[in-house]
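Hi,

Here is the structure I promised to pass on. Have a look at it first, and my notes follow underneath.

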There are 2 protein chains.
Amino acid sequence: VSVQLTKSTEKIGVGLIGCGTVGTGVVRLLQEQAEYYAKRLGRRLELRRVLVRDPSKPRCNGMVDRALLTDDFESFIETPDMLIVVEAAGGRGLVSGYVRGALDAAKHVVTANKSLLAAEGAELFALARKRNVAIAFEASCAGGIPIITALLFGLAANRIEGLYGILNGTCNYILTEMTQRRKTYADALAEAQDEGFAEADPALDVSGCDAAEKLSILASLAFGAAVETATVACEGIDRLDLSDIQFGAELGYEIKLLAIAERSQDQSRSPATTQQAKLSLRVHPCFIRGDLPLAQVHGPFNALAVYGHALGHSMYVGRGAGQMPTASAVVADLLNVASGWYPRAFSEMNVWLDQQPPAVLSDPDDLTSRFYLRISARDVPGVVAKVSAILGQEGISMGALLQHEVAAGQFVPVVIVTHEARQGAVTRAMKKIENLDVVDGSPVCLRIVDLPAG
Amino acid sequence: VSVQLTKSTEKIGVGLIGCGTVGTGVVRLLQEQAEYYAKRLGRRLELRRVLVRDPSKPRCNGMVDRALLTDDFESFIETPDMLIVVEAAGGRGLVSGYVRGALDAAKHVVTANKSLLAAEGAELFALARKRNVAIAFEASCAGGIPIITALLFGLAANRIEGLYGILNGTCNYILTEMTQRRKTYADALAEAQDEGFAEADPALDVSGCDAAEKLSILASLAFGAAVETATVACEGIDRLDLSDIQFGAELGYEIKLLAIAERSQDQSRSPATTQQAKLSLRVHPCFIRGDLPLAQVHGPFNALAVYGHALGHSMYVGRGAGQMPTASAVVADLLNVASGWYPRAFSEMNVWLDQQPPAVLSDPDDLTSRFYLRISARDVPGVVAKVSAILGQEGISMGALLQHEVAAGQFVPVVIVTHEARQGAVTRAMKKIENLDVVDGSPVCLRIVDLPAG
């Protein structure tokens with residue numbers, strides 16, 4: 001005990017870049033839990049300097065002494081006895097320079113910045129390795145859920161076979177509102193904006209790009225291969241029709257925007273192989289069975305289902321955004337880095353993201369899945385006959401068919417669920433179906449993702 | 001890269017105690033993933049010795065060279081260059097002596113042995129601390145789910161407010177069968193035994209004792225207080241009646257055997273306090289809302305819902321038992337200990353389990369909850385009037401009432417759902433109700449656990 005008491009008089013200097021929502025949350029935790037963290041760590045975390053754009057503005061709800069604020073990076077980085085820099089500013093540009101400057105000055109870096117890592121991760125990790133410091137980034141993916149910790153350490157014995165993530169809380173909130181309250185996409189989006197879940201410009205979220213950035217980081221860790229965000233095939237939720245969500249519910253499915261990374265199916269059967277896996281990487285809305293735990297992840301919550309070759313299915317659920325959930329992950333990283341084991345874990349476990357070979361992608365047309373198709377039919381018997389013929393030509397067999405009575409003379413929605421089929425074959429069939437004269441407009445096609453039994 | 005190649009020629013010696021189901025899984029992973037682990041670790045894990053009861057029997061499916069087998073602990077522990085001992089034998093008695101012997105010989109220990117840790121954890125950790133070695137125990141609770149890693153590191157910034165776990169796969173399997181296939185307890189248990197989920201003597205599982213042991217370990221970590229298994233209030237599933245599960249389903253609830261550890265309710269409102277929390281510790285069957293993700297954890301799966309003061313709700317799901325899921329956790333520990341950071345994390349993060357003050361328990365009678373009551377009534381109007389009066393005397397108000405038509409002259413089940421009430425008041429009311437002449441037998445009383453909104 002005496003050793004600890006002596007140690008607890010020591011201090012570990014921390015610098016903070018950015019004092020917006022997340023930065024304020026970090027400062028709040030460091031102040032309110034100071035005693036608890038000092039006891040855990042045997043040393044005291046001390047905020048030494050805060051880099052902000054305008055030091056004359058009150059920052060961090062007045063919790064930070066103005067004397068600590070600076071807008072000058074050179075002065076910030078030269079703060080004495082500053083061991084760790086927390087980057088809570090977000091974005092790239094200037095911030096990228098700050099992070100590089102901090103690493104170059106041999107500071108450990110804790111960051112929540114997924115965009116920066118997704119785009120420049122390899123370069124940043126190379127720099128960190130050169131300077132023998134850590135980049136900790138638990139908060140960059142799925143907010144407060146300790147999923148990076150799980151992938152790097154808790155699941156270390158497993159060859160990962162697949163990741164299935166709900167990684168964007170805005171999209172999940174919108175889909176939950178559409179599903180549970182039968183709102184249209186436009187109404188649900190407007191409400192998400194009112195509630196503060198969605199940005200004024202929601203494009204990054206609803207297009208799936210935000211989830212794709214997170215997936216590229218998670219897949220790199222899980223598969224030991226460098227994944228570029230641009231190689232993730234991406235479809236958003238902005239063109240989803242409420243009627244498809246309702247038809248899906250009738251069939252026992254729930255709609256989710258899933259970020260998926262999986263070994264191509266022929267390879268997942270021999271997980272022991274050391275040859276580099278071919279990966280399927282994609283973000284798209286899809287149906288999953290309604291009785292899966294993943295289907296019950298509602299509203300702003302995030303989740304990641306992971307399939308390991310030894311463990312099988314495991315799943316991690318929690319808040320993927322927001323001030324305190326994000327600060328929870330940032331401060332966990334800070335504690336783990338401050339204790340000295342996290343930098344060591346990075347070097348000893350070879351988890352430097354710059355040392356991975358580039359990911360090898362599987363051909364998207366080779367992906368097999370069940371599919372949900374909705375066709376707007378002028379003449380139901382004629383459509384079913386012609387559509388069946390086209391599907392048959394492409395080797396696709398039908399599993400279920402759903403059609404409701406409507407008033408005569410209207411276009412009738414006909415819903416078809418296929419058995420397992422190749423993506424390439426379905427794409428070709430959809431083009432032929434669209435050209436049928438008894439069909440109105442483009443058919444709707446959504447994948448039904450059957451999570452492995454694991 | 002050249003540094004890694006040099007390092008990978010180095011070897012880390014591993015000893016294994018016990019080569020039954022889990023031990024065989026560990027050996028299988030070490031052999032089948034040898035290249036992958038060597039690449040991760042930069043060094044090769046090498047199985048040097050295996051301690052078994054009878055070295056003449058073929059062990060580990062013939063994967064282990066007979067020359068490595070011994071039944072002599074002295075010879076085992078003196079094996080040269082053996083840095084880490086994996087204990088996969090289970091139980092206490094002799095095994096306790098082996099683990100103490102290994103720690104005393106300054107070997108790091110990896111164990112899946114919850115009973116040993118729950119009973120002797122503090123002594124073992126004191127010994128480990130004295131010898132400056134680690135005890136890693138991810139596999140001791142919830143099998144392959146990396147929940148120890150999450151509590152120790154991923155959630156380190158949080159003051160934990162509550163744990164709600166499905167920690168026994170046998171019970172969860174039985175309850176799932178009762179719920180989904182309307183089997184009786186006896187039939188579901190027999191089936192679990194046929195399927196290999198339940199032991200021939202299921203008492204430890206169905207009584208809740210197994211879950212209580214795991215809870216005592218998890219609660220010690222989460223709350224920084226030493227929890228003795230005997231202080232966990234324990235009710236099993238063996239007296240559950242199928243009709244209660246069905247009435248619960250009608251009301252929108254799912255039955256689960258939950259292991260619960262929470263700060264007493266008055267204290268959870270001020271999580272920043274450094275004074276030691278009063279804890280409520282219990283394992284009992286209860287109803288939870290059917291639309292919660294936790295309610296969708298079916299069959300042999302385990303799950304732990306954790307409430308942190310910063311993160312709020314997070315949940316971890318996966319297989320809680322079985323050869324490869326357990327081996328997944330054991331080998332993750334082995335990799336993390338072999339890398340050198342896990343021992344360091346233990347010393348730097350002050351997570352030695354022997355240094356905690358004893359847990360302070362809250363008064364069980366002070367626990368508030370909603371309650372499900374089922375009364376067997378001879379005369380429904382008379383019973384409802386008399387029961388209402390008794391509940392009113394105890395300050396308990398009724399939320400819902402459910403009663404089905406039955407043939408005349410039979411006893412009629414009357415189901416009552418209370419609003420929030422104190423446990424002590426409900427216990428008193430139940431005694432009075434039992435004594436009513438219009439009531440047959442003992443009323444059934446089950447808690448309805450409302451997980452925090454978080």
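One term before anything else: contact here means heavy atoms within 4.5 Å. Now the ground rules. This is a predicted model, in which local features need pLDDT of at least 70 and side-chain atom pairs count only at pLDDT 80 or more, while totals for chains, interfaces and linings use all residues. Residues are numbered from 1 along each chain as its sequence is written, chains are lettered from A and ligands numbered from 1 in the order in which they are written, and side-chain values use heavy atoms, with hydrogens and water left out.

Let me start with Ile160(B). Setting aside neighbours within four places in sequence, Ile160(B) is in contact with Leu155(B), Ala222(B), Phe223(B), Arg263(B), Val306(B), Tyr307(B) and Gly308(B). Ile160(B) belongs to strand β7 (residues 160–166) of chain B; helices (H or I, at least four residues) and strands (E, at least two) are DSSP runs, numbered from the N terminus. Ile160(B) is buried, at a relative accessible area of 4%. The cut-offs: buried is under 20% relative accessible area, exposed is over 50%, and partly exposed is in between (1.4 Å probe, protein chains only).

The oddest helix I looked at is α6 of chain B, residues 114–131. With 18 residues, its end C-alpha atoms are only 22 Å apart, short of the 26 Å that a straight helix would reach at 1.5 Å a residue (the expected span is 1.5 Å times one less than the number of residues). Where does α6(B) bend? At Glu120(B), by about 85 degrees, taken as the angle between axes fitted to the seven residues ending there and the seven starting there. Glu120(B) is also one of the buried residues of α6(B), along with others including Leu116(B), Leu124(B) and Phe125(B). The cover over those buried residues includes β4 (82–87), α5 (94–104) and α11 (209–223) of chain B. Straight after α6(B) comes Asn132(B), with a positive phi near 60 degrees.

Chain B also has an open sheet of 6 strands, in the order β3-β2-β1-β4-β5-β6, with parallel pairing. β3 (69–70) and β6 of chain B are at the edges with a single partner strand each, so one side of each has no neighbour in the sheet. Two strands pair if DSSP finds at least two bridges between them, and β2 (residues 44–51) and β3(B) pair over 2 bridges. Thr70(B) in β3(B) is the bridge partner of Leu51(B).

On to the interface. Chain A and chain B each put 62 residues into the contact. About 5400 Å² is buried between them, 54% of it from carbon and sulfur atoms; buried area is the accessible area (1.4 Å probe) that two parts lose on being put together, summed over both. Arg40(A), Trp341(A) and Met349(A) supply 13% of what chain A buries against chain B, more than any other three residues.

How many salt bridges are there between chain A and chain B? The count is 0, against 46 over all chains, where a salt bridge is a side-chain nitrogen of Lys or Arg within 4 Å of a carboxyl oxygen of Asp or Glu. One of them joins Lys214(A) and Asp210(A) at 2.8 Å, N to O. Both residues are buried and lie in helix α11 (residues 209–223) of chain A, 4 residues apart. Another joins Arg447(B) and Glu235(B) at 3.9 Å, linking parts of the chain 212 residues apart. Arg447(B) is buried at 12% relative accessibility, whereas Glu235(B) is partly exposed at 35%.

Cheers
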